[in-house]
Amino acid sequence: MHFFYLDEAGCTGADIAPGQQPIFVLGGISVRDEGWVRTTGEFERVITQYFAPDRVPAGFELHSSELLSPNGEGFFDGHDRERRNQLALDLLELIGQRSHHVHYVALSKDALSRAANGTEHDTFNCRVPYLLAFDYMTTVVNGHVKSRLGRSARGIIIIDEKEQFEADVASIARFRRFEVVPTQRVKHVVEFSYSIDSRKHPMIQMSDLVVFCIKKFLEVDQGHRDAWPEAARQFFAQCYDRIHPRLIRTNLIDQAGLHARRINPVIQAAAVLPRRAWRDHYGL
């Protein structure tokens, strides 16, 4: 069994005016059922080492927006920026060290507003980034389990609960599993589940860090953050450099079936990918 965690960054609900959040990202890490205990231990080791010689603060949770804010917030209030950056890089390094993978899709809200009118699918509104991305990630995860993890492998998608999308997510999951023609049904994802303790679970916290860093890098790469200091832009490129080798896909795929014939062009138009030769561009 493989657990595929989903968290989001840049979510503004059904509002797709770019504003300060021009890119939406849905994704996270995947963990084998026999691997999550050791990964949790390694996560805790890195956190403990960061706070040493003091103890980890009571009730600690890793919130990427606090860790990587300009001056540090929450548990990282006033902490040195270089130390906080290094903690993020150390945690991202764990993904490769533990042989986990990353899955994500990023959507430009501006491009989505131009590409979709909301009627492309009978089950959900394609102009809502979270819903469009969830439907797409279902395809990606199901295909990965089927083609890359072995005939007996199965996946569980674990979602960081968003009450505003709960009914729509359930509708999408039901449609993809039972309401399309049998050959196109999602068969290798056996469950869609909400994390019982989403914010405190280290795998959700790691997924939060991954999608936060992907979002920031893509905003830099797409020219949305040209006013940022060069050091900040370079840091998020370094973060993406640690994430990229663990991606289960680096290109887009089309869904099969009549139900997807109008969705695929929307994904193709709205998806955000790094520029070509991005490593050379950032000197990595």
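Between which helix and which strand is the loop that holds His 188 found?

## His 188 and its surroundings

In this predicted model, His 188 belongs to the loop that runs between helix H6 (166-179) and strand E5 (189-194). The residue is buried, since its relative accessible area of 16% falls under the 20% limit. Its side chain makes a polar contact of 3.4 Å with the side chain of Arg 154.

Residues up to four places away in sequence aside, His 188 touches Asn 142, Val 145, Lys 146, Ala 153, Arg 154 and Gly 155. Arg 154 therefore appears both in this list of contacts and as the partner in the polar contact, while His 188 itself is buried.

## Aromatic pairs

The model contains 15 aromatic pairs. One of them is formed by Phe 51 and Phe 60, whose ring centres are 5.4 Å apart and whose planes make an angle of 75 degrees. This pair is classed as edge-to-face because the angle is over 60 degrees. Both partners are buried: Phe 51 has a relative accessible area of 9%, and Phe 60 has a relative accessibility of 15%.

Phe 51 and Phe 60 also belong to a cluster linked by ring pairs, together with Tyr 50, Phe 75 and Phe 76. A charged residue meets this cluster at Tyr 50: Arg 83 lies over the face of that ring, at 4.1 Å from the ring centre.

## Nonpolar cores

The largest nonpolar core holds 51 residues, and Ile 29, Leu 68, Leu 91 and Ile 214 are the ones that touch the most other members. Two or more residues each come from strand E1 (2-9), strand E2 (23-32), H1, H3, E3, strand E4 (155-159), helix H7 (202-221) and helix H8 (230-243). The greatest contribution is that of H7, which gives 12 residues. For Ile 214, the contacts beyond four places in sequence are Val 25, Val 102, Tyr 104, Tyr 240 and Ile 243.

A second core, separate from the largest one, has 39 residues. Among them are Leu 6, Phe 134, Tyr 136 and Phe 165.

## The buried face of helix H9

Which residues of helix H9 (residues 263-270) are buried? They are Ile 263, Asn 264, Val 266, Ile 267 and Ala 270. Viewed down the helix axis, these buried residues fall within an arc of 160 degrees, so they line one face of H9. An α-helix has 3.6 residues a turn, so residues three or four places apart point the same way.

The cover over the buried residues of H9 includes strand E3 (101-108), helix H4 (109-115) and helix H5 (129-148).

## Backbone geometry in loops

The peptide bond that joins Ala 52 and Pro 53 is cis, with omega at about 5 degrees. Pro 53 is located in the loop between helix H1 (36-51) and helix H2 (64-67).

Positive phi values in residues other than glycine are found at Ser 99, where phi is near 60 degrees, and at Ala 277, where phi is near 55 degrees. Ser 99 is in the loop between helix H3 (81-97) and E3, and it is partly exposed, with a relative accessible area of 40%. Ala 277 is in the loop between H9 and helix H10 (278-281).

## Two buried residues and their distant partners

Cys 239 is placed in helix H8 and counts as buried, at 0% relative accessibility. With neighbours within four places in sequence left aside, Cys 239 is in contact with Leu 89, Leu 92 and Cys 213. The C-alpha atoms of Cys 239 and Leu 209 are separated by 9.8 Å, and these two residues are 30 residues apart along the chain.

Asp 160 is placed in the loop between E4 and H6. At 5% relative accessibility, Asp 160 counts as buried. Its C-alpha atom is 5.6 Å from that of Asp 7, although 153 residues separate the two along the chain.

Definitions and conventions. Residues are numbered from 1 along each chain as its sequence is written. This is a predicted model: local features need pLDDT of at least 70, side-chain atom pairs count only at pLDDT 80 or more; totals for chains, interfaces and linings use all residues. Side-chain values use heavy atoms; hydrogens and water are left out. Rings of Phe, Tyr and Trp (its six-membered ring) pair if their centres lie within 6.5 Å; planes under 30 degrees apart count as stacked, over 60 as edge-to-face and the rest as tilted. Buried means under 20% relative accessible area, exposed over 50%, partly exposed in between (1.4 Å probe, protein chains only). A charge sits over a ring if NZ of Lys or CZ of Arg is within 6 Å of the ring centre and within 35 degrees of the ring normal. Helices (H or I, at least four residues) and strands (E, at least two) are DSSP runs, numbered from the N terminus. A polar contact is a pair of N or O atoms within 3.5 Å; within protein, one must be able to donate a hydrogen and the other to accept it, and residues adjacent in sequence count only if both atoms are side-chain atoms. Contact means heavy atoms within 4.5 Å. The arc is that of the directions from the helix axis to the C-beta atoms. A nonpolar core is a set of buried Ala, Val, Leu, Ile, Met, Phe, Trp, Tyr and Cys residues joined through side-chain atoms within 4.5 Å.
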